[in-house]
Amino acid sequence: MSEFAALVTGSNGGIGQALVTTLQEAGWFVVGIDRNPDNRSKCDAFIHFDLANCCHESDFRKNCIDAILRAARDLPIKALINNAAVQVLGSTGEIRSEEWHNTLKVNLSAPFLLSQALLPCLRNASGSILNIGSVHAQATKKGFVAYATSKAGLHGLTRALAVDLGPQVRVNCLAPAAISTDMLKAGFEGKDDEFAALEAVHPAGRIGSCEDVAQAALFLLSDKSTFVTGCCFYLDGGILSRLHDPA
């Protein structure tokens, strides 16, 4: 029987489902939240809520926070995993105002507001917050201006929360590079050479798997990492260490 509950946002995506399964196998009771009511993965409890509505205070409290507390079934909430994210591609001249604000709401404001609302629970359980960041917070490319900015903010939020909440609550960030989700693979359908090139550019010789992310997350949430806080852990297959130049 589970002793603790964990909340995973974006639980229906590839990484989200891997997080749910891995945490359950480690003995956690997992509450999932996603804007997609279908494909509810295998969460112990599921909440249908779009985190783009996190700034609507009454809706957020009633249909998200109160729902989370009910779903946890009186178990101590010991982990918050801020995994949900939107990725709108477009150059500086193309991104619309609503796309910019929606990106920041889901990728940055929601993690803060969830952390704030669940803080009493996390403090009581000596728990931790894990933000799923991205290598784009450190090194990005054209067309990712909204996404990269939001993830850079999330990395900064991780450090600030770790200082503000320590030593009662640990806060860390797990920042993956390319991960083999269904969405990524769909983008490379019929492009085997391009996919091979993407894998080859990583010094590890491959891109990451959803299970890679989930196992790293499990460590950062576990009692084996009690001295780790304020850390941005890059799960990048070495890509950020590689210098790209015309030569």
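In this predicted model, the secondary structure of the chain comes to 8 helices and 7 strands. The C-alpha trace spans about 60 × 40 × 35 Å along its principal axes. A compact globule of 247 residues would have a radius of gyration near 18 Å, and the chain agrees with this at 18 Å. Of the 247 residues in the chain, 45% are buried. Contacts also reach across the sequence: among those between residues at least 6 apart, 69% join residues at least 24 apart.

A good place to begin a tour of the fold is the sheet. Its 7 strands follow the order S3-S2-S1-S4-S5-S6-S7, and the sheet is open, with parallel pairing. Strand S3 (45–48) and S7 stand at the edges with a single partner strand each, so one side of each has no neighbour in the sheet. From one strand to the next, the twist averages 20°. Strands S1 (residues 5–9) and S2 (residues 29–34) offer an example of the pairing, running parallel over 5 bridges. Within this pair, Ala5 has Phe29 of S2 as its bridge partner.

Helices pack on this sheet. Helix H2 (residues 57–71) touches S1, S2, S3 and S4, and its direction makes about 170° with that of S3. Helix H5 (residues 145–165) touches S5, S6 and S7, with its direction at about 160° to that of S6.

Strand S6 deserves a closer look. How many of the residues of S6 are buried? The strand is mostly covered, with 7 of its 7 residues buried. Arg170, Asn172, Leu174 and Pro176 point one way from the strand, while Val171, Cys173 and Ala175 point the other way, and all of these are buried. S6 pairs with S5 in the parallel sense over 5 bridges, and Val171 of S6 is the bridge partner of Ile129.

Ile129 itself lies in strand S5. Its relative accessibility is 1%, so Ile129 counts as buried, the cut-off for that class being under 20%. Setting aside residues up to four places away in sequence, Ile129 touches Leu80, Asn82, Ser115, Leu122, Leu165, Val169, Arg170, Val171 and Asn172. The list thus includes Val171, the bridge partner named above. Pro111 is 18 residues from Ile129 along the chain, and the C-alpha atoms of the two are separated by 9.2 Å.

Attention now turns to helix H8. This helix (residues 210–221) has 12 residues and reaches 17 Å from its first C-alpha to its last, close to the 16 Å expected at 1.5 Å a residue. Which residues of H8 are buried? They are Cys210, Val213, Ala214, Ala216, Ala217, Leu220 and Leu221. Viewed down the axis of H8, these buried residues fall within an arc of 165°, and they therefore line one face of the helix. The spacing fits a familiar pattern: an α-helix has 3.6 residues a turn, so residues three or four places apart point the same way. The buried residues of H8 pack against helix H1 (14–25) and against strands S4 (77–82), S5 (128–132), S6 (170–176) and S7 (232–235).

The contact with H1 can also be followed from the other side, through Thr22. This residue is found in helix H1 and is buried, with a relative accessible area of 8%. Beyond its neighbours within four places in sequence, Thr22 is in contact with Ala214, Gln215 and Leu218. Among these contacts, Ala214 is one of the buried residues of H8.

Several loops carry backbone features worth checking in the viewer. Gly166 and Pro167 are joined by a cis peptide bond, with omega about 0°. Pro167 is found in the loop between H5 and S6. Arg73, in the loop between H2 and S4, has a positive phi of about 55° although it is not a glycine. With 55% relative accessibility, Arg73 counts as exposed. Ser126 likewise has a positive phi in a residue other than glycine, near 50°. Ser126 lies in the loop between helix H4 (119–124) and S5, and is exposed, with a relative accessible area of 53%.

Terms used
Residues are numbered from 1 along each chain as its sequence is written. This is a predicted model: local features need pLDDT of at least 70, side-chain atom pairs count only at pLDDT 80 or more; totals for chains, interfaces and linings use all residues. Side-chain values use heavy atoms; hydrogens and water are left out. Helices (H or I, at least four residues) and strands (E, at least two) are DSSP runs, numbered from the N terminus. The expected span of a helix is 1.5 Å times one less than its number of residues. Buried means under 20% relative accessible area, exposed over 50%, partly exposed in between (1.4 Å probe, protein chains only). The arc is that of the directions from the helix axis to the C-beta atoms. Contact means heavy atoms within 4.5 Å. Two strands pair if DSSP finds at least two bridges between them. Axes are lines fitted to C-alpha atoms, for helices over the stretch in contact, and angles run from 0 to 180 degrees between N-to-C directions. The radius of gyration is taken over C-alpha atoms; the globule rule is 2.2 Å times the number of residues to the power 0.38.
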